[in-house]
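Student: I would like to go through this model with you step by step, beginning with the strands and ending with a single residue. Could we take it as questions and answers?

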Amino acid sequence: MRTHKKTIIIIHGAGPRHYRSLEDGSGDWQSTLAAELVADYKVLSPQMPSPTKPVYEEWKILFEKYLARAKGDVILVGHSLGGSLLLRYLAEERISQKVAGLFLVAVPLNTMRGFEAPKDYSKLSLIKNVFLYHSMDDVEVP
């Protein structure tokens, strides 16, 4: 019997691509993370559409395409607006996969139209492993 690797989907934040390649390590950590995990996990890291002018519905459609490729349990990682997408999506939508872990890094709440925080977080209680990461001195997401 063949077992599938767990799938990790990493959703980047919004803004110009150069934000994701800063020398201080705060930028393209998603690529570094994916490279570190690829031996043990199936890592999907889509380039979200129009990152300088993001539209929730466009991001949602692309995320759903990648989510459909996940077999079995899935681990979700969202950075900045990518985390906002995951919060809203998981609070509002029904998914067939079990979310084994949700990692949210520097997630803004209610800062961009369409990506607002959900009013009801009760569906997130089904996820046993939720991790929130935030910096005390983040200039973008205070």
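Student: How many bridges join S4 to S5?

Tutor: Please keep in mind that this is a predicted model. S4 and S5 run parallel, and one of the pairs between them sets Phe 103 against its bridge partner in S5, Phe 131. The number of bridges that join S4 to S5 is four.

Student: In what order do the strands of the open sheet lie?

Tutor: Along the chain, from the N terminus on, the elements run β-α-β-α-β-α-β-β, which comprises three helices and five strands. The open sheet has five strands with parallel pairing, and its neighbouring strands are turned by 15 degrees against each other on average, direction ignored. The order of the strands in the sheet is S2-S1-S3-S4-S5.

Student: Which strands stand at the edges, each with a single partner strand?

Tutor: A strand at the edge has a single partner, so one side of it is left without a neighbour in the sheet. At one end of the order S2-S1-S3-S4-S5, S1 and S2 pair in the parallel sense over three bridges, with Thr 7 standing opposite Lys 42 in S2. The strands at the edges are S2 (42–44) and S5 (130–133).

Student: What is the handedness of the crossover from S3 through H3 to S4?

Tutor: S3 and S4 run parallel and are joined by six bridges, and in S4 the bridge partner of Val 77 is Phe 103. The chain crosses from S3 to S4 through H3, a helix that lies across S1, S3 and S4 and runs at about 130 degrees to S3. This β-α-β crossover is right-handed.

Student: Which element gives the most to the largest nonpolar core?

Tutor: The largest nonpolar core has 26 residues, and those that touch the most other members are Ile 9, Ile 11, Phe 63, Leu 76, Leu 85 and Leu 102. Strand S1 (7–11), helix H2 (56–68), strand S3 (74–79), helix H3 (81–92) and strand S4 (99–105) each supply at least two residues of this core. The element that gives the most, with seven residues, is H3.

Student: How many residues does the second, separate core have?

Tutor: In soluble globular proteins, nonpolar side chains tend to be buried together. In this chain there is a second core, separate from the one just described, and it includes Ile 8, Ile 10, Ala 34 and Ala 100. The number of residues in this second core is seven.

Student: How many of the residues of S4 are buried?

Tutor: Across the 142 residues in the chain, buried residues make up 43%. S4 is mostly covered, and one residue in the S4 range 99–105, Leu 102, is in contact with residues including Leu 76, Leu 124, Ile 127 and Phe 131, leaving aside its neighbours within four places in sequence. Of the seven residues of S4, the number buried is six.

Student: Is His 79 buried or exposed?

Tutor: His 79 is found in strand S3, and, not counting residues up to four places away in sequence, it touches Ile 11, His 12, Gly 13, Trp 29, Gln 30, Val 105 and Ala 106. A residue counts as buried under 20% relative accessible area. Because the relative accessibility of His 79 is 18%, this residue counts as buried.

How values were computed: Residues numbered from 1 in each chain as written. Predicted model: local features only at pLDDT ≥ 70, side-chain atom pairs only at ≥ 80, totals over all residues. Heavy atoms only, no water. Core = buried A, V, L, I, M, F, W, Y, C linked by side-chain atoms within 4.5 Å. Buried < 20%, exposed > 50% of the residue type's maximum accessible area, 1.4 Å probe, protein only. Contact = heavy atoms within 4.5 Å. Pairing = 2+ DSSP bridges. Axes fitted to C-alpha atoms, helices over the stretch in contact; angles between N-to-C directions. Right-handed = clockwise from strand over helix to strand, strands pointing away.
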